Amino acid sequence: MRNGRKAALSLLTLSVLLMAACGGNDGGNAAASPDASPASTGASAPAETNKTPVKLTFATYNAWWNMENLQKAIKMYEEETGNTIEPQIYPDDQFMNVLKAKLATGDVPDVFAFNPSVKDFGQDQLAPLTGPWVDKLDKSRAVKNGYTWAGDDKVYVAPYGSTSFMGLMYNKDVVAKAGVTLPLKTYGDLLAAAEKIKAAGAIPLYLPNKEAWTAQIDVFAGSQYIAMKNPDFAQQVASGKLKYQDEPLLVDMFKRIADFQKKGYMNADMASATMPMAEQALAEGKAAFVAGGNWLYQDFVLNYPDKAASIGMTPFSWGDDPADLSVFKGGSGNGLYIPAASKQPEAAMDFINFVMSDKVMQAMYEIAPGANDVGAPTKASPWDTELQALVDNGTAKTGDAFNDAANAIEPNFDSGDMGAAGQALFAGKDPSKALEDLYNSVAKKNKAKKIPGF
């Protein structure tokens, strides 16, 4: 997992505001049993063997290009159609800037893969997409999931990646050895667990803070109680009526996070630590918890196949009320786009429809299991199953409170870079100051966008 595979996280803040773009997919996601067969799924991958072979340029992050599930889809496409994909691969921390420059000049790839977030682009820069999978999308969630703009009935992103669960990945053996019972429903539970784990000789919570997207998962995955205690929080912030630093619950949460770090419950090398380092520490039993998302499951299957079964995922909270324990559930983390200036739009659309067919989706999800947003009969990962079970039995909540809050948000509101704020907090910045700096940036951006209230 690298900067690119972040489900649009670097563009968002706090879970209550995240829902405006990532969505709260508590329904409509297909997750079939492992024995679901392509023959019984209806739509199949289209054959194009009678067409003149074409070469499509495909741009994305370096990390995404190397994902085995995407490579599987591309291999199937090339073998079954005779067409070829010419990659344009860029470093994870440079791709966004390169892509925007290409879109601005018209020197575009035929297709590109990026986080589902149309708000990052101009409406005239993307081509609308068509195909059988489009009809299966839940249009009521398309705006919140970043697949289209408010007031637009077209779809501009093909969400081929699994829908996003986020929480704490955990080493089952380490947690059991320390005598910790899951889930951790409150901040008090988290503190008690951390003390037991530290006493047992492991790092309670490993934070890879070298990249901004990792820090924000530690922050917002446990922050959803704020939406329950102050249902108007999102609307007030998005309309310019409330500053982040003036919401007591948010300031208190930032202080708790800072105190948790000061108590020695996190790794000392966080400033230079990366997600691969965190995954290794978790797999080897050196750490008990790492905040992350279900898209990381395939990393353990590929890199630590003998340890994958011992890694699970659980929700947690920085709050005090066990009734507020929530599972964060968002939209797809990976999307395919066609630039409006693509020189081969029809061939590009054929490629996307091939990838989004049931046959290819099933093949990809055999490698990276999960639920999806287009009704494909894919199998869920053990992490998805574990978290969904907590929702189904009433232990945790998901969805409605955050969807309601998100619906009140101006669609084009820029909620800021929570990753940068999280990095600053973990680097020692005063919690209130970190929130103040974040809000000042948010206010400046939304004033430039002429969002009402700014």
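## Exercises on a predicted model

In this predicted model, the count comes to 2 cavities of 30 Å³ or more.

**Exercise 1.** State the volume of the second largest cavity and list the residues that line it.

*Solution.* The volume of the second largest cavity is about 40 Å³. Its lining includes the run Ala221, Gly222, Ser223, Gln224 and Tyr225. Phe316, Ser317, Asp324 and Ser326 also line this cavity.

**Exercise 2.** Compare the span of helix H6 (residues 187–199) with the span expected at 1.5 Å a residue, then determine where around the axis its buried residues lie.

*Solution.* Step 1: H6 has 13 residues, so at 1.5 Å a residue it should span 18 Å. Its end C-alpha atoms are 18 Å apart, in agreement with this.

Step 2: Tyr187, Leu190, Ala193, Ala194 and Ile197 are the buried residues of H6. They cover an arc of only 120 degrees around the axis, and therefore lie on the same side of H6.

Step 3: These buried residues pack against helices H5 (172–177) and H10 (248–262) and strands E6 (203–205) and E7 (287–293).

Step 4: At the N-terminal end, Thr186 caps H6, with a side-chain oxygen 3.3 Å from the backbone nitrogen of Gly188. Just after H6, Gly201 has a positive phi of about 100 degrees.

**Exercise 3.** Decide whether Thr57 counts as buried or exposed, and describe its surroundings.

*Solution.* Thr57 belongs to strand E1 (residues 55–61). Its relative accessibility is 15%, so Thr57 counts as buried, the cut-off being under 20%. The Thr57 side chain reaches the backbone nitrogen of Asp110 at 2.8 Å. Leaving aside residues up to four places away in sequence, Thr57 touches Glu86, Gln88, Val108, Pro109, Asp110 and Val111.

Key. Residues are numbered from 1 along each chain as its sequence is written. This is a predicted model: local features need pLDDT of at least 70, side-chain atom pairs count only at pLDDT 80 or more; totals for chains, interfaces and linings use all residues. Side-chain values use heavy atoms; hydrogens and water are left out. Helices (H or I, at least four residues) and strands (E, at least two) are DSSP runs, numbered from the N terminus. The expected span of a helix is 1.5 Å times one less than its number of residues. Buried means under 20% relative accessible area, exposed over 50%, partly exposed in between (1.4 Å probe, protein chains only). The arc is that of the directions from the helix axis to the C-beta atoms. Contact means heavy atoms within 4.5 Å. A polar contact is a pair of N or O atoms within 3.5 Å; within protein, one must be able to donate a hydrogen and the other to accept it, and residues adjacent in sequence count only if both atoms are side-chain atoms. On a 1 Å grid over the protein atoms alone, a cavity is a set of points where a 1.4 Å probe fits but cannot get out, and a pocket is an open set with protein on both sides within 12 Å along at least five of seven lines; lining residues have an atom within 4 Å of a point. Grid points are joined across faces, edges and corners, and a volume is the space filled by probe spheres set on the points.
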